[in-house]
Amino acid sequence: ITAPCNMIQQMTCRIVNDMSPLIITDSEELVSNIIRIQCTDTRIKIPFPITIAIPFSARYRGNYRDIMVKVIDDELQPSYIHPFSTEGTYGGQKGSFAEVKVYKLGIFSVVSCLHKENFTVPRKGLSLKLSMDARISLDYPPGSFSAPVIVQSMVQPIDASLIATLKSKNDSYHFVVSTSPLVHIVHPSTQSFRKPVTVTLPCPPNPNKKKQGEEVEHTRPTSASVIRNTSIHRVRAMSASVKNSRKTANEYLSLLGYKSKEDQWLVMEDVAVRNMQNGLVSFEMTEHFEKFVVLRLVSSMKHSHLTALIHDIEESICSTMVTIVLYRKKEHPNNAVVITVPTKDLSWELMKLRGEGYCSPPDPSEEIKMREGEQFVLTFSGNITSAGGKSNGPTLQRITFHSQRKNRLDLCLKEVDEFGNYCSPHYKGTAIFYKVTKEQIAVCGDIECNLQDPVCKLPLTLPKKERIISRPVSAKVVFRDQSEPLSDALLLWLSEELSEEDAALLVLCLRIRRSSIQLVKLKIPENLPQQIFELLVMWRKSLPASADKISLLSHYLSKCGRSDLAKDLILQERIHSDPEE
């Protein structure tokens, strides 16, 4: 923004790309960020005009399209400004900048739209070739209008591959050979034609006709000489080739015009379309048409099929076949990226993603038809979700499609349930994509109410990580050898030293079950020391490995009144653990 310094300090500039579905029309392509420029102090009077330079990146340029700056005012009314410069250096960077002078603040964006050519038709007439395509010419004879008129024209080229795609999808379009460009032309509705206007358009000829003509030319030297001994098979072949060439030469040229008052396309049967040289056709226009196109046919077609074809052509011109790609990082599978790219650019985009370290699975989606500004809404199901690059982000995310912009969404995938999918070495989930049209966005701002049937589902997996289980640390850390401190030898010695009364009191302190005591007496009858030994071994096994068994048993012996045995037990344990001592 170039303005006085005190004005610049009172201005704010924000990127509002989320508004693109409400700003960009079907005939436009967004090539920049959408920015909103506002003045924080409404009392300040801004010295208009001020200069604004917006960086943009347009991949497809040509004679048919223009770079324009679209301005949306506070009342949401659009206007267009032709930039006086599209190249410059700002902030030390040289690149494409759309530089314009504006007389109001609002929302600004750079769009690629059809080139509009305005010209004036005087009373003396005019013969003009359009700057977009010199093959398209308009010849206004003198006295075409009662007064000078201003005419606006635009040309929309129709690619041959588009026609081939429509023919492959609909058999009723099989007889279509080629089409002229779709010409938009606006005359003043108050001025009617006094004389017909001659229109010349390019409409490519039938390539099969040219091939057939070459075959006929090659056979002429042979057929020119008279050979008496010609076989019947030879005559039949020559006659078939002549018949076929005549059939190919029998073509039809059909003119279709669109009238805004009737809001429909009409097949103009009364207008004669003449075939000229070099793939050109011409006709005389005697009434107002906002749009017209010429179709070259190899056979006649029903009017309903012709109008359906032009509707499909207009729909296909405003649409792009798109592929959704969801790739993940090789080293970090939780980091993923989603891009929506035109199918024709898919190979190039996949190569760039692989260069960044991303890879499949999942594989890219099937083709999906999208208009400029329509959105994909991404949700997740199963045991995988996305944090949107944040720890606690939303799982409902949007991607707005623009054919000349990078449509990219970075994701941070994570599992929903850490203990889910326990039968699989991976967490499993699905990325679900819904299509939301611009009409749905305009009617209902809440995306969730517009979700219908999904257009794409991509399976996802995440590798499970080895869980580190943190166990609680005991209150008292005991550093001992791995060997058992309360050995069988110590227990045998203690069993010999205890009397029957001492043993009964010790068993109560050790809290050994009565059923276990009875089982030991039945197993080893009339052998008191062995019975005491079995009960002590049973008690030792019930304790955790970290327990200080010597101290516990000494404590219980003292509690039973045998402090002497408690001291002797500690002494015996030291002797067994360190014989040299």
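Which residues in H3 meet which residues in H6? The legends below take this contact and other close-ups in turn, all from a predicted model.

**View 1. Helix H3 meets helix H6.**
Leu162, Ile163 and Leu166 are the contributors from H3. Their counterparts in H6 are Leu309, Asp312, Ile313, Ser316 and Ile317. H3 covers residues 160-169, and H6 covers residues 303-317. The two axes come within 11 Å and cross at roughly 125°. That angle makes H3 oblique to H6, because oblique takes in what is neither roughly perpendicular (65 to 115 degrees) nor roughly antiparallel (over 145). The crossing of H3 and H6 is right-handed.

**View 2. An open sheet of 4 strands, S28-S26-S30-S31.**
The pairing is antiparallel. Strand S28 (397-400) and strand S31 (456-463) stand at the edges. Each has a single partner strand, so one side of each lacks a neighbour in the sheet. From one strand to the next, the twist averages 30°. S30 spans residues 426-436 and pairs with S31 over 8 bridges, in the antiparallel sense. To locate this pair, start at Lys428: Thr461 in S31 stands opposite. Strands of a sheet pair through backbone hydrogen bonds.

**View 3. An open sheet of 3 strands, S4-S8-S7.**
Here, too, the pairing is antiparallel. Strand S4 (50-55) and strand S7 (85-90) are at the edges. Each pairs with a single strand, so one side of each is left without a neighbour in the sheet. On average, neighbouring strands are turned by 50° against each other, direction ignored. S4 pairs with strand S8 (residues 93-102) over 6 bridges, in the antiparallel sense. Ile54 has Ala98 in S8 as its bridge partner.

**View 4. The hairpin of S17 and S18.**
Between the two strands lie 4 residues. Asp263, in the turn, has a positive phi of about 55°. S17 (residues 252-259) pairs with S18 in the antiparallel sense over 4 bridges. One way into the pairing is Leu256, whose bridge partner in S18 is Val267.

**View 5. Two faces of strand S18.**
In a regular strand the side chains alternate between the two faces of the sheet. S18 (residues 264-267) shows this alternation. Which residues of S18 are buried? Trp265 and Val267 are, and both point to one face. Gln264 and Leu266 point to the other face and are not buried. Val267 is also the bridge partner of Leu256.

**View 6. The buried face of helix H13.**
H13 runs over residues 549-559. Its buried residues are Lys549, Ile550, Leu553, Ser554, Tyr556 and Leu557. Why do they line one face of the helix? Seen down the axis of H13, they fall within an arc of 165°, so they line one face. Gly561 follows H13 and has a positive phi, near 95°.

**View 7. Lys45 in the loop between S3 and S4.**
Strand S3 covers 35-39, and Lys45 is found in the loop between S3 and S4. Is Lys45 buried or exposed? Its relative accessible area is 76%, so Lys45 is exposed, the cut-off being over 50%. The C-alpha atoms of Lys45 and Met7 are separated by 8.8 Å. Along the chain, these two residues are 38 residues apart. S4, the strand at the other end of this loop, is an edge strand of the sheet in View 3.

Terms used
Residues numbered from 1 in each chain as written. Predicted model: local features only at pLDDT ≥ 70, side-chain atom pairs only at ≥ 80, totals over all residues. Heavy atoms only, no water. Pairing = 2+ DSSP bridges. Axes fitted to C-alpha atoms, helices over the stretch in contact; angles between N-to-C directions. Buried < 20%, exposed > 50% of the residue type's maximum accessible area, 1.4 Å probe, protein only. Arc of directions from axis to C-beta. Parallel < 35°, antiparallel > 145°, perpendicular 65-115°, else oblique. Left-handed = near helix turned anticlockwise from the far one by under 90°. Contact = heavy atoms within 4.5 Å.
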